[in-house]
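Got the viewer open and a hand on the mouse? Let's walk through this one together, one selection at a time.

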Amino acid sequence: MKRALSNPLALAGFIIITSIFLLALLAPLISPYDPDAIDVKAILLSPSPSHWMGTDALGRDVFSRMLFGARISLLVGLVAVGIATFIGIILGAIAGYYRGWVDVVIMRTVDVMLSIPTFFLILAVIAFLTPSIWNIMIIIGLTSWMGVTRLVRAEFLSLRNREFVMASETLGASDNRLIFKHLLPNSMTPVIVSSVLGVASAVLIESGLSFLGLGVQAPQASWGNILTDGKEYIQFAWWLSLFPGLAILITVLGYNLFGEGLRDVYDPRSSQSR
């Protein structure tokens, strides 16, 4: 980790991500109001010392809702990427190690999945399910594993004929030992980078779904549905669109910077090619 943080991009991204995580974690302590408390006397108030980010059409404090919304957006991103990474590692390892018809079947499935726009695939699946945070996390994870599968497969194919693997195979190491002891640990660097970048994509997808009304449902706050509330009043309540939009922008920027920094540190060829 110390080596990664020596990179300016990775350090900047890490500071942004850590700051957002701390705000989300400490939301119950630093939130000045109940995020779901309706106050008809404080409807659509502009930012002020009493309401730092103003209030919405129901008089709810936007700053408090932003803090608790950060929890939802980050949770969706992390869990969805965790599901996608787990599936991708398993399928990529099987395809890269066993090759042959197993590899053909898995990679053709990947090609089919990649030919379908991910966002529209998610919309199609959600149309048959009840919109909820758990459904959103699972669906994003189940439709985002293809890139990790290709990365792990490529690393396995590259490592499969290396001397240390062949030596272990000659000594009678089992398939499980070769995969989990020798091949997989040496394949994790691109997977980690991909996972970090994947969180940013998952946050964007969740925000987009919530903006369309298909994601996290009210009264539970997420940055996407706060943004949705603001579109009706954008002409005279600019703060309802500005602050959640900035939060999404800064979060995605932080993950992208951290991911690019990790890529530069652990794969110097990527930085030399730019």
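What follows is a series of stops, each with something to select and something to look for. Keep in mind that this is a predicted model.

**Stop 1: helix α4**

Start by selecting residues 62–98, which make up helix α4. That's 37 residues, and the helix reaches 53 Å from its first C-alpha to its last, close to the 54 Å expected at 1.5 Å a residue. Now step just past α4 to R99, which takes a positive phi of about 50°.

While you're here, pick out Y97 and R160. R160 lies over the face of the Y97 ring, at 4.2 Å from the ring centre.

**Stop 2: R65 and its company**

Go back into helix α4 and click on R65. Is R65 buried or exposed? With a relative accessible area of 3%, under the 20% cut-off, R65 counts as buried. Skip its neighbours within four places in sequence and you'll still find R65 in contact with plenty of residues, including P35, D56, Q220 and N225.

Next, add D36 to your selection. The side chains of R65 and D36 meet in a salt bridge, 3.3 Å from N to O. This pair links distant parts of the chain: D36 sits in the loop between α3 (27–30) and α4, 29 residues apart from R65. Unlike buried R65, D36 is partly exposed, at 39%.

**Stop 3: a longer reach**

Now select R60 and D229. They form another salt bridge, at 3.8 Å from N to O. How many residues apart are R60 and D229? They are 169 residues apart, with R60 in the loop between α3 and α4 and D229 in helix α12. R60 is buried at 8%, while D229 is partly exposed at 30%.

For a short-range pair, jump to helix α5 (residues 100–114). There, R108 and D111 meet in a salt bridge of 2.9 Å, N to O. Because they are 3 residues apart in the helix, about one helical turn separates them. R108 is partly exposed at 45%, and so is D111 at 35%.

Now show D36, D56, R60, R65 and D229 together: salt bridges that share partners join them into one network. The total count of salt bridges comes to 7.

**Stop 4: the nonpolar core**

Hide the charges and look inside. The largest nonpolar core has 47 residues, and M66, V76, I122, I140, W223 and Y255 touch the most other members. Among the elements that give two or more residues to this core are α2 (8–25), α11 (188–211) and α13 (239–266). Which element gives the largest share? It's α4, with 10 residues.

Zoom in on M66. Leaving aside its neighbours within four places in sequence, M66 is in contact with M53, W223, I226, F243, P244 and A247. Then look for a second, separate core of 14 residues, which includes I89, V152, L184 and V191.

**Stop 5: the aromatic rings**

Finish with the rings, where the structure holds 6 aromatic pairs. Select Y233 and F236: this pair is edge-to-face, with 5.9 Å centre to centre and 70° between the planes. Y233 is partly exposed at 27%, whereas F236 is exposed at 52%.

Compare W238 and F243. Their ring centres are 6.3 Å apart and their planes are at 45°, so this pair is tilted. W238 is partly exposed at 44%, but F243 is buried at 17%. Add W239 to see one aromatic cluster, formed by W238, W239 and F243.

Conventions:
Residues numbered from 1 in each chain as written. Predicted model: local features only at pLDDT ≥ 70, side-chain atom pairs only at ≥ 80, totals over all residues. Heavy atoms only, no water. Phe/Tyr/Trp six-rings, centres within 6.5 Å; stacked < 30°, edge-to-face > 60°. Buried < 20%, exposed > 50% of the residue type's maximum accessible area, 1.4 Å probe, protein only. Lys NZ or Arg CZ within 6 Å of the ring centre and 35° of its normal. Helix = DSSP H or I, 4+ residues; strand = E, 2+ residues; numbered from the N terminus. Expected span 1.5 Å × (residues − 1). Contact = heavy atoms within 4.5 Å. Core = buried A, V, L, I, M, F, W, Y, C linked by side-chain atoms within 4.5 Å. Salt bridge = Lys/Arg side-chain N within 4 Å of Asp/Glu carboxyl O.
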